[in-house]
Amino acid sequence: MTTLAPSQRLLDSSAALSYDPATEVDWDAPLDPSHFGLNPEWSTLYGTRLWEEMTPEQRVTLTRHEVASIMSTGIWFEMILQQMVLRDQYCTDYSHPDFQFALTEIADECRHSIMFARACSTMGIPAYFPTRSSIALGRGFKALAAAEVAYGGILVAEEVLDVMQRDWMRGEQVLPIVRTTSKIHVVEESRHMKFARQEMRERIEGASPARRRTSALVIAVAAHLIVSHMVNDGVYAAAGLDPERAIAEAKGNEHHHTLMRSSCAHLMEFLDELGLLTKPALRLYQRVSMV
């Protein structure tokens, strides 16, 4: 009996179960004004005193802008991801399943970015962007990151979103457009996460302690960059809130911090397994409540 290579299994899975957002999502369905953009429990203000003071309309508006901000961050990092993967696979063995799945992943990510952009547009919410300095750092990361660092950055972004979206796709109070796009992303990203883990294990094997320490720190910097920009500060003004107070309450919201830590638990276990959870890296993860 022939044992298929991991990447070949992922290719087979992709052929058997993939979605076309253009036809799977009901883009013309009216948006119920009572439906949230994400499960309220995932709002950065849920559980705070300010949340209790907000009107139902403000809560709906805030969660829609929060999910649009997260989608915008997803697009930003998916564009970085596509370039890193394409550069990593440049002039590798075209007949190998790794090469073929890498290009399949790029095609998936391109469709996901279009899907998220269309979802934001359908909700009537403009794009949210990272700061200029973060855009510059992202440009440097996509140009220089390689091996376990590149795939580590990819894994971080995908793992954090995965847990959130598994909740949103089942949320009866969540907009159907968000539920469906979340379902598509969860199913297809599960293959991408397996591929990233496989690549990280292979690339880090036999690495020196110095390289592991350096890689651990760079991956943590990338994680900090991604997670700290998921929810743009502008979402609070869009919901008619006092931005200064909202930002302060969000930063001190232990309920949201706990959700973030739980969503990153498997990721941290994996990084620790590879020797990529050093003390300097841990400090960065703690700053964005990933651990």
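Helices here are DSSP runs of H or I with at least four residues, strands are E runs with at least two, and both are numbered from the N terminus. Keep in mind that this is a predicted model, where local features need pLDDT of at least 70, side-chain atom pairs count only at pLDDT 80 or more, and totals for chains, interfaces and linings use all residues. Residue numbers run from 1 along each chain as its sequence is written, and side-chain values use heavy atoms, with hydrogens and water left out. Below: empty space, then rings, then helix faces and backbone oddities.

**Pockets**

- Rolling a probe the size of a water molecule over the atoms shows where empty space is left.
- The set-up is a 1 Å grid over the protein atoms alone: a cavity is a set of points where a 1.4 Å probe fits but cannot get out, a pocket is an open set with protein on both sides within 12 Å along at least five of seven lines, and lining residues have an atom within 4 Å of a point.
- Grid points are joined across faces, edges and corners, and a volume is the space filled by probe spheres set on the points.
- The largest pocket holds about 680 Å³ of space; it has 28 lining residues, and those closest to its centre are Val227, Ser228, His229, Val231 and Asp233.
- Two or more lining residues of the largest pocket come from each of α4 (56–88), α9 (209–228), α11 (243–251) and α12 (254–263), with α4 giving the most at four residues.
- For residue types, Ala, Val, Leu, Ile, Met, Phe, Trp, Tyr, Cys and Pro count as nonpolar, Asp, Glu, Lys and Arg as charged, and the others, Gly among them, as polar.
- On that scheme the lining of the largest pocket splits into 14 nonpolar, ten polar and four charged residues.
- The second largest pocket comes in at about 310 Å³, and of its 19 lining residues, Ile75, Trp76, Met79, Phe129 and Pro130 lie nearest the centre.
- Helices α4, α5 (97–122) and α6 (132–144) each give two or more residues to the lining of the second largest pocket, and the largest share, six residues, is from α4.
- That second lining has 14 nonpolar, three polar and two charged residues.

**Cavity**

- There is one cavity of 30 Å³ or more, and the space in it is about 120 Å³.
- Its lining has 14 residues, with Gly74, Phe77, Glu78, Ala157 and Leu161 nearest the centre.
- The helices giving two or more residues to this lining are α4, α7 and α8, and α4 gives the most, with six.
- Seven nonpolar, three polar and four charged residues make up the cavity lining.

**Rings**

- Rings of Phe, Tyr and Trp (its six-membered ring) pair if their centres lie within 6.5 Å; planes under 30 degrees apart count as stacked, over 60 as edge-to-face and the rest as tilted.
- The structure has four aromatic pairs, including Tyr46 with Trp51, edge-to-face at 5.6 Å centre to centre and 65° between the planes.
- Buried means under 20% relative accessible area, exposed over 50%, and partly exposed in between (1.4 Å probe, protein chains only).
- Tyr46 is partly exposed at 26%, while Trp51 is buried at 3%.
- Tyr151 and Phe195 also pair edge-to-face, at 6.0 Å and 85°; Tyr151 sits in α7 (residues 147–168) and Phe195 in α8 (residues 176–204), 44 residues apart.
- Both Tyr151 and Phe195 are buried, and ring pairs join them with Phe101 in a cluster.
- The charged end of Arg197 sits over the ring of Phe270, 4.5 Å from its centre (the rule: NZ of Lys or CZ of Arg within 6 Å of the ring centre and within 35 degrees of the ring normal).

**Helix faces**

- Helix α13 (residues 265–273) has Leu267, Met268, Phe270 and Leu271 as its buried residues.
- Those residues fall within an arc of 160° seen down the axis of α13, so they line one face of the helix (the arc is that of the directions from the helix axis to the C-beta atoms).
- The face of α13 turned away from the buried side carries exposed His266, Glu269 and Glu273.

**Backbone oddities**

- Ala147, in helix α7, is not a glycine but has a positive phi of about 50°.
- Ser289, in the segment after α14 (279–287), also has a positive phi, about 55°, without being a glycine.
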